[in-house]
Amino acid sequence: MSRDDPTPLVERLYPALAAGDRAALAELLHPEFDGHFSPGLPAPIGGHHSGAADCIEYGWWAIGATWALRAEPERWLPCGAARLLVQGSYRGIARRTGRGVLAPFAHLWAAEGGRLRSMHQYTDTALWLAALEDDRDRR
């Protein structure tokens, strides 16, 4: 395995996210990590985040403040020496409403110098947003 193979890094990243392990994430992510979260997600989550700290705080931690969910990887597809596409499902609930979320995802990861360098998230944001609606919003 090459030093730039993202697979072993991503295998450690999903459990670190599920555990809320900031120290493990900081170890796995390049300091100049680029996170591209699906633009349909609410602010501050959706869009581009530059730097590991920004991605953790305004990407993943902001998701955790709004939803209690897990990314469940189901398929791992190498895309060359330094890229990996992971397909799976997000499962959980919106914290405010208790409504369920079940949404497919694809994450495209890239590694550089033994750390994760970027992530592009693709998911059906309408399913995430529907879970935030309460009964009054549905009338």
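Helix α3 has 15 residues, which should span 21 Å at 1.5 Å a residue; its end C-alpha atoms lie 20 Å apart, so the two values agree. This is a predicted model. Helix α3 also helps to line the largest pocket, as do α1, β3, β5 and β6. That pocket holds about 380 Å³ of space. Aromatic pairs come to nine.

**Helix α3**

- Helix α3 covers residues 52-66.
- Its buried residues are Ala52, Cys55, Ile56, Gly59, Trp60, Ala62 and Ile63.
- An α-helix has 3.6 residues a turn, so residues three or four places apart point the same way.
- Gly64 also sits in helix α3.
- Gly64 has 28% relative accessibility, so it counts as partly exposed; the cut-off for buried is under 20%.
- From Gly64 to Leu102 the C-alpha atoms are separated by 15 Å, with the two positions 38 residues apart along the chain.

**The largest pocket**

- The space in the largest pocket is about 380 Å³.
- The lining has 21 residues, and the closest to the pocket centre are Leu17, Ala18, Trp60, Ile63 and Leu69.
- Two or more lining residues come from each of α1 (7-19), α3 (52-66), β3 (67-78), β5 (100-112) and β6 (115-123).
- Strand β3 gives the largest share, five residues.
- By class, 15 lining residues are nonpolar, four are polar and two are charged.
- Leu17, one of the residues closest to the pocket centre, is found in helix α1.
- Its relative accessible area is 22%, so Leu17 is partly exposed.
- Leu17 and Gly64 are 47 residues apart along the chain, and their C-alpha atoms are separated by 9.5 Å.

**Aromatic pairs and cluster**

- The model has nine aromatic pairs.
- A pair of aromatic rings is described by the distance of the centres and the angle of the planes.
- For Phe33 and Trp109, the ring centres are 6.5 Å apart and the planes meet at 40 degrees, so this pair is tilted.
- Phe33 belongs to strand β1 (residues 29-37) and Trp109 to strand β5, so their pair ties together parts 76 residues apart in sequence.
- Phe33 and Trp109 are both buried.
- For Phe37 and Trp60, the ring centres are 5.6 Å apart and the planes are at 70 degrees, so this pair is edge-to-face.
- Phe37 in strand β1 and Trp60 in helix α3 are 23 residues apart, and their pair links distant parts of the chain.
- Phe37 and Trp60 are buried too.
- Trp60 thus appears in two settings: this aromatic pair and the residues closest to the centre of the largest pocket.
- One aromatic cluster takes in Tyr14, Phe33, Phe37, Trp60, Trp67, Trp76, Tyr90, Phe105, Trp109 and Trp128.

**Strands β4 and β6**

- Ala94 is placed in strand β4 (residues 83-94).
- Ala94 has 0% relative accessibility, so it counts as buried.
- The C-alpha atoms of Ala94 and Trp128 are separated by 8.0 Å, although the two residues are 34 apart along the chain.
- Trp128 is also a member of the aromatic cluster.
- Thr123 lies in strand β6.
- Thr123 has 18% relative accessibility, so it counts as buried; the limit is 20%.
- A polar atom of the Thr123 side chain lies 2.7 Å from the backbone oxygen of Pro104.

**Loops**

- The peptide bond from Ala43 to Pro44 is cis, with omega near 5 degrees.
- Most peptide bonds are trans.
- Pro44 lies in the loop between β1 and β2 (47-50).
- Gly20 lies in the loop between α1 and α2 (22-28).
- At 41% relative accessibility, Gly20 counts as partly exposed.
- Gly20 and Gly100 are 80 residues apart in sequence, and their C-alpha atoms are 20 Å apart in space.

Conventions:
Residues are numbered from 1 along each chain as its sequence is written. Side-chain values use heavy atoms; hydrogens and water are left out. On a 1 Å grid over the protein atoms alone, a cavity is a set of points where a 1.4 Å probe fits but cannot get out, and a pocket is an open set with protein on both sides within 12 Å along at least five of seven lines; lining residues have an atom within 4 Å of a point. Grid points are joined across faces, edges and corners, and a volume is the space filled by probe spheres set on the points. Helices (H or I, at least four residues) and strands (E, at least two) are DSSP runs, numbered from the N terminus. Ala, Val, Leu, Ile, Met, Phe, Trp, Tyr, Cys and Pro count as nonpolar, Asp, Glu, Lys and Arg as charged, and the others, Gly among them, as polar. Rings of Phe, Tyr and Trp (its six-membered ring) pair if their centres lie within 6.5 Å; planes under 30 degrees apart count as stacked, over 60 as edge-to-face and the rest as tilted. Buried means under 20% relative accessible area, exposed over 50%, partly exposed in between (1.4 Å probe, protein chains only). The expected span of a helix is 1.5 Å times one less than its number of residues. A polar contact is a pair of N or O atoms within 3.5 Å; within protein, one must be able to donate a hydrogen and the other to accept it, and residues adjacent in sequence count only if both atoms are side-chain atoms.
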